[in-house]
Amino acid sequence: MNNIANAAAVPHFIQRRSLHIVFASTSGHTKYVVEALIDSLKSIAPGWEIEAMMAEKAQPQDLLGGDVLLLASATWNTGSIEGQLNPHMWVLLHDKAKTLDLAGKPCACIGLGDHRYFYTARAADHLQHYVKAHHGRLIVPALKITDEPYGQEEAVRVWAEQLVMLQSR
């Protein structure tokens, strides 16, 4: 009886949760932000299990892993139209997992970008659109990192706190 009462007293963000991160990074910026996020989460929510994998290694079923799914990608401004997803993330979401049903899965998104482009950090918008179109549930506004991510660890930490607080809603 005491164990049940004690378990109920533990804040929801400290309870064991699992976060599955799928990210696409070619220059290393998105990987850096994901690593900064993981470092922040280790201190904010030490009970969380966190797994991160690169989009080019992911399969559709990997998007269903964990209690919470986080998608992260830089914005590409090459080719025909600026403001696209990293090509590895695009292949995963629009080719391999184009018919996947996220079935209400709690999700969050991170997009990186460059202020010199009109569609700065538009990858976040594309990721959020994928989540909504595939019946996922966005639990926190997307984190958008503009320009170099180095020195923006505090913004990542603040967003990590929001993710932890809102993930159980």
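## A walk through a predicted structure

Let us begin with the cysteines: searching the whole of this structure turns up zero disulfides. Cysteine 107 takes part in none, and the nearest cysteine sulfur, which belongs to cysteine 109, lies 6.8 Å away. A disulfide is a covalent bond between the sulfur atoms of two cysteines. At 6.8 Å, the sulfur of cysteine 109 is too far from that of cysteine 107 for a bond, because a disulfide calls for sulfur atoms within 2.5 Å. Are these two cysteines buried or exposed? Cysteine 107 has a relative accessibility of 0%, so it counts as buried. Cysteine 109 is buried as well, with a relative accessible area of 1%. Please keep in mind as you read on that the model is predicted.

Now turn to helix H3, which covers residues 87-96. Just at its start, asparagine 86 reaches out with a side-chain oxygen, coming to within 2.7 Å of the backbone nitrogen of histidine 88. Which residues of H3 are buried? They are Met89, Leu92 and Leu93. If you look down the axis of H3, the buried residues fall within an arc of 80°, so they line one face of the helix. Try turning the structure until you see the helix end-on. The cover over these buried residues includes three strands, E1 (18-24), E3 (68-76) and E4 (84-85), together with helix H4 (123-133).

Strand E1, part of that cover, is also where you will find serine 18. With a relative accessibility of 19%, serine 18 counts as buried, because the cut-off for that word is under 20%. What does serine 18 touch, once its neighbours within four places in sequence are set aside? Its contacts are Glu49, Gly66, Asp67 and Val68.

Helix H4 is our next stop. Here the buried residues are Ala123, Ala124, Leu127, Gln128, Tyr130 and Val131. Viewed down the axis of H4, they fall within an arc of 155°, so these residues too line one face of their helix. On the other side of H4, His129 and Lys132 are exposed. What do the buried residues of H4 pack against? Their partners are helix H3 and the strands E3, E4, E5 (106-113), E6 (137-138) and E7 (143-146). After H4 comes histidine 135, which has a positive phi, near 70°.

Between H3 and E5 runs a loop, and leucine 100 sits in it. Its relative accessibility is 14%, so leucine 100 counts as buried. Leaving out neighbours within four places in sequence, leucine 100 is in contact with Pro60, Leu63, Leu64, Tyr130 and His134. Tyr130 is one of the buried residues of H4 that you have just met. Take leucine 64 as an example of how the chain folds back: this residue and leucine 100 are 36 residues apart in sequence, and their C-alpha atoms are 9.1 Å apart in space.

Finally, let us look at charges. Side chains of opposite charge can pair when their charged atoms come close. How many salt bridges does the whole structure hold? The search finds three. One of them joins the side chains of lysine 144 and aspartate 125, with 3.2 Å from N to O. This pair links distant parts of the chain, as lysine 144 is in strand E7 and aspartate 125 in helix H4, 19 residues apart. Lysine 144 counts as partly exposed at 41% relative accessibility, and aspartate 125 is partly exposed at 35%.

For the other salt bridges, go to helix H5, residues 153-166. Arginine 157 pairs with glutamate 154, and their closest N and O atoms are 2.4 Å apart. The two residues are three apart in the sequence, about one turn of the helix. Arginine 157 also forms a salt bridge with glutamate 161, where the closest N and O atoms are 2.2 Å apart. Glutamate 161 and arginine 157 are four residues apart in H5, again about one turn. Through these shared partners, Glu154, Arg157 and Glu161 are joined into one network. How open are its members? Arginine 157 is partly exposed, with a relative accessible area of 27%; glutamate 154 is partly exposed at 45%, and glutamate 161 counts as partly exposed at 33%.

Conventions
Residues numbered from 1 in each chain as written. Heavy atoms only, no water. Buried < 20%, exposed > 50% of the residue type's maximum accessible area, 1.4 Å probe, protein only. Arc of directions from axis to C-beta. Contact = heavy atoms within 4.5 Å. Polar contact = N/O pair within 3.5 Å; in protein donor to acceptor, adjacent residues only side chain to side chain. Salt bridge = Lys/Arg side-chain N within 4 Å of Asp/Glu carboxyl O.
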